[in-house]
Amino acid sequence: MFRVVYLLVVLSSLPPSGALAQPARHPLDPLTRQEHFTVLEVLQQAGKLVDGTSFTRLEARAPEKSTVWAFKAGMPIARTAEVVLSQGASVFEATVDVTGRRLVSWTERKGVQPMWLRSEFGAAVVDVAMKDPRFAEALRKRGITNRQFVTCIAAPPGNFGEPAYAGKRIGVLSCRLRSGYRNTWARRIEGLFVLMDMRTNEILEFTDDEVAPVPAGGNDFDAAAVGPLREFAAPLQVQQPAGPGYTMDGHVVSWDRWRFHVRPDSRVGLIVSTATWKDGDRERPVLYEGHLSEIFVPYMAAQKDWYGRTFIDAGEYSAGGLADTLTPGVDCPTYATFIDSVVVEGRGWPGDKPAVACIFERTAGDMIWRHGPNGRPQRELVVRMVAMIGNYDYVVDWRFLPDGQIKVSLGATGIVEAKMTAAKNARVSSTNGADAKTDAYGRFVEDHVVAVNHDHYFNFRLDLDVDGPTNRFVRDQIVPKTLPAGHPRRSIWVTETKAAATEKDAQLTMDMHAPSLWRVTGARENHVGYPTSYQLLPAHSIHTLLAPDEVARQRAGFIDHHLWVTPYAPDERYAAGDYPTLSTPGHGLPAYTKGNRSIAATDVVLWYTFGMHHVVRAEEWPVMPVLWHEFALRPFDFLDRNPALDAGMKP
């Protein structure tokens, strides 16, 4: 009972939260530290905190959407929190009225598992496995005589439906040899598969089926390891000496004609809300809420200690906050404004996590439009976060432009996962084809190291409210038309606009042979009579090559289509479902859309997935240059003419 007693003593010594907390300035503002403690106090007073309670979510719960849109500064704000916690094998969801200091609901969720806690990576199972005689023998076979230089973590594998593991909290060990180097990703102990029961600390499987040497050299990339840095010929200054050209009222940002709310969220990193465009005297709604919803990264190696690497990153690994702390001058300009966050730690305490997002203006010397000597320089406002998930770092930018566009850019960087091999390199062992043995599932990036092929899929949830919440999703199909005989031209193309009536109508896959425009239309018309709309302009993407009956694909069913459209439901937020850790197939978007609901003339939400097949280049080792993809939300008949005609001449 030590943990509970300690918690009660600390909480009971706090003054009332209302005496400490500053009132929220907007209904979507994140919880303060004081509000966080209020939630803990309410749960403790309701008798819901017991020994071993672990928290994976404690965040502000948004009020009704209509309340948010109607909010004006100075209005009273009722604050509510949503909580996810686990006690042993049981998972509970709670709703707490922070303002009224009472527990509103307490519900057990059966048959699910919470996301992986930080404490589980280095849990007792690691020590149990390392003390097993088979582990020592496996190290000896690889020439490792001292396990003090070995570091291991436990992580959840993909769920492949093995009956023996149903309902168990299982983890797979991944071990590396440290031996003086910072970067251990190229020093993996290959072929060692240890499957653990995370609740009982038992070894469920122990397999050592491939012996490969751990490369002797290091692949550190810190300044000391790289050595003298090359200098560019002339300095280039990036600064804003007169201060920012945007204003912030709490979490509400105003820039040019844009106004929006931005807040950190532990699971998805960053949420952009209530984006409006000022058109004369009117504040016109564009986007109620937009955020990264899920990331799926399956690896393409068939060996026992590799095939389970089918990561659902945001849902499995965001405990402690998905967004990483940013470094001024590297991650963001030094003149940027940084946003801090409060995240729930495993035991429930509020943890301060600084600089998880930044906001800044920039120009790259481009034009926003030109014709001959006339034109305007481009300028944009960027809201950025970076999520470091194990070896990969994902940069997410929300870019607001003076022509009414919102561009979303995602950059992948960090370290690619690599497999150690007994064969030295491609000169002596590659057959460069389906029958290749050593590098069948990747490419050599250095001696004895093969970077494994894999995919990246990113899903964004985009709740567009174009001139209000009543919208339609339409598809402008671009179709060929054969002209009459005798015409000098044989064919042209025309557009045919079709409104989607149901969710199934809007489950779309990109096809260059059947192009179309994807738009959300509003209830207003522009000056020539077309419905106002915003277009989703897709990014470069891929079709999945995973088989339809592949369990990994079914667990991440959102990758089956590039676009899904659903009617707005406040509790449908995650493309792979609320609990993807060790999940069974069919959750998330496949479950949301099973009833094929109507999406005609209602409040619609777009779920957009893009991705890439990643065949690793030598130039991406030992750390990968940022590879960018972007999509855009752009006005399409939303305005009567080019809104950047009067943009300023100063960039």
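**Exercise 1. Find Ala 601 in this predicted model and work out whether it is buried, partly exposed or exposed.**

Step 1. Start with the accessibility: Ala 601 has a relative accessible area of 39%.

Step 2. Compare that value with the cut-offs: buried means under 20%, exposed means over 50%, and partly exposed lies in between. Ala 601 therefore counts as partly exposed.

Step 3. Now place the residue. Ala 601 sits in the loop between H12 and S31.

Step 4. Look at the backbone as well. The phi of Ala 601 is positive, near 50°, although this residue is not a glycine.

**Exercise 2. Which loop holds Asn 596, and what is its phi?**

Step 1. Asn 596 belongs to the loop between helix H12 (589-592) and S31.

Step 2. Its phi is about 50°, a positive value in a residue that is not a glycine.

Step 3. With a relative accessible area of 32%, Asn 596 is partly exposed.

**Exercise 3. Follow the chain to Pro 622 and describe the peptide bond that leads into it.**

Step 1. Go to the loop between strand S31 (604-614) and strand S32 (624-636), where you will find Pro 622.

Step 2. Check omega for the bond from Trp 621 to Pro 622: the angle is near 5°, and the bond is cis.

**Exercise 4. Describe how strands S3 and S4 are joined, and find the residue with a positive phi in their hairpin.**

Step 1. Strand S3 covers residues 90-97 and strand S4 covers residues 102-109; the two run antiparallel, joined by seven bridges.

Step 2. Pick one bridge to look at: Val 96 is partnered by Leu 103 in S4.

Step 3. Turn to the hairpin, which has four residues between the strands. Arg 101 is the residue you want, with a positive phi near 55°.

**Exercise 5. How many disulfides does the model contain, and what is the handedness of the link between Cys 152 and Cys 175?**

Step 1. Apply the distance rule, which asks for cysteine sulfur atoms within 2.5 Å. The count comes to two disulfides.

Step 2. Take the pair of Cys 152 and Cys 175, whose sulfur atoms are 2.1 Å apart. The angle about their S-S bond is 110°, and the link is right-handed.

Step 3. Locate the ends: Cys 152 is in strand S5 (residues 150-155) and Cys 175 is in strand S6 (residues 170-177), so this disulfide links distant parts of the chain, 23 residues apart.

Step 4. Check the surroundings. Cys 152 is buried at 8% relative accessible area, and Cys 175 is buried at 4%.

**Exercise 6. Is the disulfide of Cys 332 and Cys 358 left-handed or right-handed?**

Step 1. Confirm the bond: Cys 332 is joined to Cys 358, with an S to S distance of 2.1 Å.

Step 2. The torsion about this S-S bond is about -85°, so the disulfide is left-handed.

Step 3. Cys 332 lies in the loop between helix H9 (313-317) and strand S15 (337-344), while Cys 358 lies in strand S16 (residues 350-362); the pair ties together parts that are 26 residues apart in sequence.

Step 4. Both Cys 332 and Cys 358 are buried.

Step 5. Counting bonded cysteines along the chain, the disulfides follow the pattern 1-2, 3-4.

**Exercise 7. Which residues does Lys 65 contact beyond its neighbours within four places in sequence?**

Step 1. Find Lys 65 in helix H4 (residues 65-70).

Step 2. Lys 65 has 6% relative accessibility and therefore counts as buried.

Step 3. Its contacts are Tyr 288, Asp 463, Asp 465, Tyr 568 and Asp 603.

Key. Residues numbered from 1 in each chain as written. Predicted model: local features only at pLDDT ≥ 70, side-chain atom pairs only at ≥ 80, totals over all residues. Heavy atoms only, no water. Buried < 20%, exposed > 50% of the residue type's maximum accessible area, 1.4 Å probe, protein only. Pairing = 2+ DSSP bridges. Contact = heavy atoms within 4.5 Å.
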